[in-house]
Amino acid sequence: LLLRTRDLFSLPFPLARPVLTSLSLQAALRGWRLLLLPDAFPLAPRSPPSPHGLRKAQTSLARQRRALMEQFGVKLEVLPDGRRRWHGCSKDTPRCFGTVHAQTPQYLVAGRWTPPCCLRALRETARRVVAELEAAGVRYWLEGGSLLGAVRLGDIIPWDYDVDLGLYRDDVPKCRWLAAVLAAGRPVEDPEGFVWEKAAEGDFFRVHFSRANRLHVDLWPFYARAGGVMTKDTWLGHRQDVEFPERFLVPLVPVAFAGATAKAPNDPRAFLELKFGPGAVENPEYPNPEVRRLAQDLGGE
């Protein structure tokens, strides 16, 4: 690989190993194009490696590659044959970001969107919860930013850190896992490793990807008060935390979401504009614009 010395040492990790992978990633981020040429210099003669030596070299290279991906913060590799190699979080590890402050996870503060492994975990958790609610006949619907993602993309919005579902409070006992949580008074782990619990912050439920990985779906129990208005008992001060007419839920309609089909209010655009204000679908915003605005990451300011 021919490279000017000043270019090489302008990179943040100029000699990180494995060198070719490291330089290729850093060059790609800078928009450099690399041309890999055939071997131009004769190699010194070497004796063939022993099977043990070959395994040792392959193990060392794999270890260097894992360490490099962790150092660079790369969560997902798409290999030349289309296979995917994950380096991020899983059911056995914590999620990739810490406590969310002021509705803003640390990846947004750093100018990044949700790591792909975290989105994968959120999708799996959402599909699990939706399947259980559907099977139990629970009346539920996508709420807040999750509904916005469904309307815009048919998926979780790419900077979100959880999934929100509303459900009728009277239907909570129909779901076996929510009923088990209420009966036991403690979290319950289902056979697929998802953890169902009563949220500590108020009168709602939370389903975690696993005991180790706390990516989650929030389940908000609503009920109708006089005048056909849907309300709930816990309000956390989020801008989408408002009451709304029950007519949005009669009937509920199917929408594509996170690789499956979920239920949504029958007029999603009007519902979202009631929650977030006019133009919510065309002009979405981060959860707390006072901390960071979407336009900062789209080149608008």
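How many bridges join strand β5 to strand β6, and in which sense do the two strands run? I would like to begin there, with the caution that what we are looking at is a predicted model. Two bridges join them, β5 covering residues 188–189 and β6 covering residues 195–198, and the strands run antiparallel. Within that pairing, V188 stands opposite W196 of β6. The hairpin that connects β5 and β6 has five residues between the strands, and one residue in this hairpin, G193, takes a positive phi near 85 degrees.

If we follow the chain onward, β6 pairs again, this time with strand β7, residues 205–208, in the antiparallel sense and over four bridges. Here the residue to look for is V195, which stands opposite H208 in β7. The link from β6 to β7 is a hairpin as well, and it passes through six residues.

Let me now step back to the whole chain. The secondary structure comes to nine helices and twelve strands. For a compact globule of 301 residues one would expect a radius of gyration near 19 Å, but the protein has 24 Å, and along its principal axes the C-alpha trace spans about 85 × 45 × 30 Å. Buried residues make up 41% of the 301 residues. If we take the contacts between residues at least 6 apart in sequence, 55% of them join residues at least 24 apart. The exposed surface is about 16,700 Å², of which carbon and sulfur atoms supply 55%. As for charge, there are 41 positive and 34 negative side chains, and the centres of these two sets lie 9 Å apart.

I turn next to helix α6, residues 144–153, and to the residue just before this helix. E143 lies in the loop between β3, residues 140–142, and α6. Is E143 buried or exposed? With the cut-off for burial set at under 20% relative accessible area, E143 counts as buried because its relative accessibility is 5%. Leaving aside neighbours within four places in sequence, E143 is in contact with D164, L165, G166, F222, F244, F271 and K275.

The helix itself is largely enclosed by the rest of the structure, because seven of its ten residues are buried. Those buried residues are G144, G145, S146, L147, L148, G149 and A150. What covers them includes the strands β3, β4 (162–168), β11 (253–257) and β12 (260–264), together with the helix α8 (268–276). After α6 comes G154, whose phi is positive, near 70 degrees.

My last stop is W220, which is found in strand β8, residues 216–225. W220 is buried too, with a relative accessible area of 8%. Not counting residues up to four places away in sequence, W220 touches D164, L165, G166, L167, F204, K232, T234 and L236. D164, L165 and G166 also appear among the contacts of E143, so to speak of W220 and E143 is to come back to a stretch of β4, the strand of residues 162–168 that helps to cover α6. One further distance may be useful when you inspect the model: W220 and R169 are 51 residues apart in sequence, yet from C-alpha to C-alpha they are 8.2 Å apart in space.

Key
Residues numbered from 1 in each chain as written. Predicted model: local features only at pLDDT ≥ 70, side-chain atom pairs only at ≥ 80, totals over all residues. Heavy atoms only, no water. Pairing = 2+ DSSP bridges. Rg over C-alpha atoms; globule rule 2.2 N^0.38 Å. Buried < 20%, exposed > 50% of the residue type's maximum accessible area, 1.4 Å probe, protein only. Contact = heavy atoms within 4.5 Å. Areas by Shrake-Rupley, 256 points an atom, 1.4 Å probe, with all protein chains shown as cover. Lys, Arg positive; Asp, Glu negative; His and termini not counted. Charge placed at Lys NZ, Arg CZ, Asp CG, Glu CD.
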